[in-house]
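Please lead me through this structure, from the pairing of its strands to its core, its aromatic rings and its charged side chains.

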Amino acid sequence: MTTYDVTVTREDDLWVADITGEGLGPAATDVERFADLDTEVRDLIAGLTDADPGSLGLAWRYEIGGEDVTELIASLAVREDRLREATSSRAARPDSAAEGADRP
């Protein structure tokens with residue numbers, strides 16, 4: 001599996017991803033929503049290399065205002081996953097609807 005380096009920065013109202021890697025010239029894409037980065041980056045690389053988007057390895061780096069915030073973004077992603085899991089497991093419990101009935 002080929003791994004591509006992706007450096008994400010914030011420019012104006014866009015998330016900009018600069019991508020480098022074997023067999024890939026300079027490449028970049030931008031999105032309005034952070035959540036769209038992974039899909040857009042994979043689609044761009046796949047289109048340029050004829051690779052399957054799901055088979056690509058991506059090494060992400062995030063910079064905001066010149067500061068490396070990669071660890072902070074990774075930490076937030078872990079917390080978001082935990083929140084999603086807790087919310088879905090709570091919603092799956094049969095008694096969850098009755099517990100929230102008193103709340104505004």
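The paragraphs below take up the strands, the core, the rings and the salt bridges in turn.

The model is a predicted one, and local features are described only where pLDDT is at least 70. A convenient place to begin is strand β1, which spans residues 3–11. This strand runs parallel to β4, to which seven bridges join it, and it also pairs with β2, here in the antiparallel sense and again over seven bridges. The hairpin of β1 and β2 has two residues between the strands, and within this hairpin D12 takes a positive phi near 55 degrees.

V6 is a residue of strand β1 through which both pairings can be followed, since its bridge partner in β4 is W60, while its bridge partner in β2 is I19. With a relative accessible area of 1%, V6 is buried. If neighbours within four places in sequence are left aside, the residues in contact with V6 are A17, D18 and I19, then V41, and finally L58, A59, W60 and R61. Both bridge partners, I19 and W60, are thus found again among these contacts. As a further reference point, the C-alpha atoms of V6 and A27 are separated by 9.7 Å, although the two residues stand 21 places apart along the chain.

V6 also leads into the interior of the model, for it is one of the residues with the most contacts inside the largest nonpolar core, a set of 17 residues in which Y4, V8, I19, V41 and I45 are named alongside it. This core draws on several elements, with β1, β2, β3, α1 and β4 each supplying at least two of its residues.

T9 is likewise found in strand β1, and with a relative accessible area of 15% it falls under the 20% limit and is therefore buried. The side chain of T9 makes a polar contact, at 3.2 Å, with the side chain of E11. Beyond the neighbours within four places in sequence, T9 is in contact with L14, W15 and V16, and also with E63.

W15, one of those contacts of T9, opens the account of the aromatic rings. Counted by ring centres within 6.5 Å, there are three aromatic pairs. One of them is formed by W15 and F34, whose ring centres are 5.0 Å apart and whose planes make an angle of 75 degrees, an edge-to-face arrangement. Because W15 lies in strand β2 (residues 14–21) and F34 in the loop between β3 (24–31) and α1 (37–49), the pair ties together parts that are 19 residues apart in sequence. The two partners differ in their accessibility class, as W15 is buried with a relative accessible area of 15%, whereas F34 is partly exposed at 33%.

F34 takes part in a second pair, with Y62, in which the ring centres are 5.8 Å apart and the planes stand at 40 degrees, so the pair is tilted. Here, too, distant parts of the chain are linked, namely the loop between β3 and α1, which holds F34, and strand β4 (residues 57–64), which holds Y62, the two residues being 28 apart. Y62 counts as buried, at 13% relative accessibility. Taken together, the ring pairs link W15, F34, W60 and Y62 into a cluster, and W60 is also the bridge partner of V6 in β4.

The charged side chains remain. Side chains of opposite charge can pair when their charged atoms come close. The structure holds six salt bridges, and one of these joins the side chains of R42 and D38, with N and O at 3.1 Å. Because R42 and D38 are four residues apart in helix α1, they are separated by about one helical turn. D38 is partly exposed, with a relative accessible area of 32%.

In helix α2 (residues 70–92), R84 and E80 are four residues apart and so are separated by about one helical turn, and they form a salt bridge whose closest N and O atoms are 3.7 Å apart. R84 also meets D81 in a salt bridge, at 2.9 Å from N to O; these two are three residues apart in helix α2, again about one helical turn. R84 counts as partly exposed at 46% relative accessibility, as do E80 at 48% and D81 at 36%. Elsewhere, salt bridges that share partners join R61, E63 and D68 into one network; of these, R61 is in contact with V6 and E63 with T9.

Terms used:
Residues numbered from 1 in each chain as written. Predicted model: local features only at pLDDT ≥ 70, side-chain atom pairs only at ≥ 80, totals over all residues. Heavy atoms only, no water. Phe/Tyr/Trp six-rings, centres within 6.5 Å; stacked < 30°, edge-to-face > 60°. Buried < 20%, exposed > 50% of the residue type's maximum accessible area, 1.4 Å probe, protein only. Pairing = 2+ DSSP bridges. Polar contact = N/O pair within 3.5 Å; in protein donor to acceptor, adjacent residues only side chain to side chain. Contact = heavy atoms within 4.5 Å. Core = buried A, V, L, I, M, F, W, Y, C linked by side-chain atoms within 4.5 Å. Salt bridge = Lys/Arg side-chain N within 4 Å of Asp/Glu carboxyl O.
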